[in-house]
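Me: I've got a model open and want to check the wording people use for it. Can you walk me through the reasoning?

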Amino acid sequence: MAEIHELSAVLADQIAAGEVVERPASVVKELVENALDAKAAQITIETKEAGLEMIRVTDDGEGIEADDVETAFKRHATSKITSREDLFRVATLGFRGEALPSIASVSDVVLMTAHAGDETGTTIHIKGGKIVSNDASQLRNGTQITVSDLFFNTPARLKYLSSLATELSHVSDIVNRLALSHSDVAFVLKNNGKTLLKTAGNGNQKQTFSAIYGVKSAAKMIYFNAKDLDFEVDGMVSYPELTRSNRNGISLMINGRYIRNFKLTKAVLNGYGSKLMVGRFPYAVINIRLDPLLCDVNVHPTKQEVRISKEPQLEKLISEGIFARLSQENLIPNAVKNL
Ligand code: ADP
Ligand code: MG
C-alpha cells in the first residue's frame with residue numbers, strides 16, 4: 001500500500017500558519033497589510049486581551065466581491081500578482097495568498113465585506129479552516145474581519161506565547177510601524193476598549209511619529225534626504241541627545257513596506273559617527289525608494305526580511321546622508337559633553 005499521500009488543505013494551511021502566524025501581532029500585521037493593499041484611508045484595529053481573545057480589523061477599502069470571498073481563504077489565492085514578472089515587481093504588501101487561509105486554519109474568523117457596485121455584502125464564517133456559513137449580508141463599506149480564539153486548535157503554539165503585556169507590546173509595535181510607513185492612512189488601535197494609538201492620516205509623517213513617541217520626541221527630529229542613481233532616501237533622525245537603550249526607535253521602510261535589516265540599521269548608527277554615547281541608540285524613520293527589481297521581498301513568509309541588490313551602496317548613502325545632515329546642525333557631540 002502506498003504510504004505517501006497529500007495532506008488535506010486544512011492541515012497544509014495549519015503548517016503554513018506555523019510560519020506566518022507566530023503570535024497575535026502577526027495576525028494584526030497581515031490583516032492591516034490587506035487593508036492597506038485594499039487602499040483603505042481609515043483602519044481600526046481592536047483587540048481583546050492583546051489579541052488572544054479577539055482581533056478585529058475594520059477598513060474602508062475596496063472590499064471583496066461576493067464570488068471571491070471563499071477563494072480569498074484558499075491557499076495561494078491572491079488578487080495581487082498573476083505572473084512570474086509580477087513577482088519581481090511586487091507593488092503591494094501582500095502577494096503570497098497565504099495569510100487568510102493560515103489565520104482561518106488556527107482560529108475562528110468572521111469576515112464581512114462589500115465591494116463597490118455590489119448590491120449586497122457577504123459575511124463568511126470559518127472555524128479551524130472549515131466554512132461554517134457564507135451568506136449575503138447587509139452592505140457595508142469596506143471589510144471587517146474578526147479573528148477569535150487564536151490557536152484554539154494548536155495548543156503547543158498557544159503555550160509558547162508570552163505574557164499579555166509582551167504580546168500587546170508586539171501588537172503595538174507592528175501597528176506603530178505600519179502607521180509610520182503609511183502616514184496618509186488614519187489608524188486607531190484599541191485594546192480592551194482603551195485607545196493606544198490614533199493617527200491623523202493626513203500624510204504628515206512627523207505628526208504620525210508624534211502620535212507614537214510623543215510631541216517632545218517629535219520636536220527633536222530633523223529631516224534629511226539623500227539620493228543617488230539607484231536609491232532615494234528621506235526621513236527623520238533624532239538629534240543625538242534623544243536616544244534610547246535599544247534599536248527599536250529605528251524604522252526602515254522600502255517602498256512603503258516596513259522591513260527589518262541589520263546592516264541598514266547599522267548604517268543609520270554609522271551616520272552618527274561618534275555623536276552617540278556607548279549603548280545609546282537614536283530614533284530614525286528611513287523611507288527608501290527603489291526600483292522593485294532591486295529588492296527581493298520573497299525571502300521569508302512574513303516579508304519583513306528582504307534582499308537588496310547593491311546594498312553596500314545604499315548603506316553608504318544612508319550613513320553619509322545622515323552624517324551630512326547632522327553636521328549642518330551645531331551639535332556638541334555627546335561623547336565630548338559627557339567626558
Ligand atoms: P495576499 O494578501 O497575499 O493576496 P491574503 O490571504 O492575505 O493574500 O488575502 C487573499 C486575498 O483576499 C487578497 O489578495 C485580496 O484580494 C483579498 N483581501 C483580503 N483582505 C482584504 C481586505 N481587507 N480588503 C479587500 N480585499 C481583501
Ligand atoms: Mg495579505
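**Helix packing, ligand shell and domains**

Reply: Sure, and keep in mind that this is a predicted model. Start with helices α7 (residues 164-181) and α8 (residues 205-213): they pack at an angle of about 165 degrees, and their axes are 9 Å apart.

Me: Why is α7 called roughly antiparallel to α8?

Reply: Angles over 145 degrees count as roughly antiparallel, and the angle here is about 165 degrees, so α7 is roughly antiparallel to α8. As for handedness, the α7 and α8 crossing is right-handed.

Me: What makes the contact of α7 with α8?

Reply: From α7 you have Asn176, Ala179 and Leu180, and from α8 Gln205, Thr208, Phe209 and Ile212. By class, that contact has four nonpolar, three polar and no charged residues.

Me: Which residues are closest to ligand 1?

Reply: Asn34, Ala38, Thr78, Gly94 and Ala99 are the closest of the 22 residues that surround ligand 1. Two elements, α2 (24-37) and α5 (99-105), give two or more residues to that shell, and α2 gives the most, with three residues. The shell splits into eight nonpolar, eight polar and six charged residues.

Me: What makes up the side of domain 1 that touches domain 2?

Reply: The chain is divided into domain 1 (9-198) and domain 2 (220-337), and 16 residues of domain 1 are in contact with 12 residues of domain 2. On the domain 1 side, α1 (9-20) and α7 each supply at least two residues, with the largest share, four residues, coming from α7. That side divides into eight nonpolar, three polar and five charged residues.

Note on methods
Residues numbered from 1 in each chain as written. Chains lettered and ligands numbered in written order. Predicted model: local features only at pLDDT ≥ 70, side-chain atom pairs only at ≥ 80, totals over all residues. Axes fitted to C-alpha atoms, helices over the stretch in contact; angles between N-to-C directions. Parallel < 35°, antiparallel > 145°, perpendicular 65-115°, else oblique. Left-handed = near helix turned anticlockwise from the far one by under 90°. Contact = placed C-beta atoms within 7 Å. Nonpolar A, V, L, I, M, F, W, Y, C, P; charged D, E, K, R; others polar. Near = placed C-beta within 6 Å. Domains from an automatic or database assignment.
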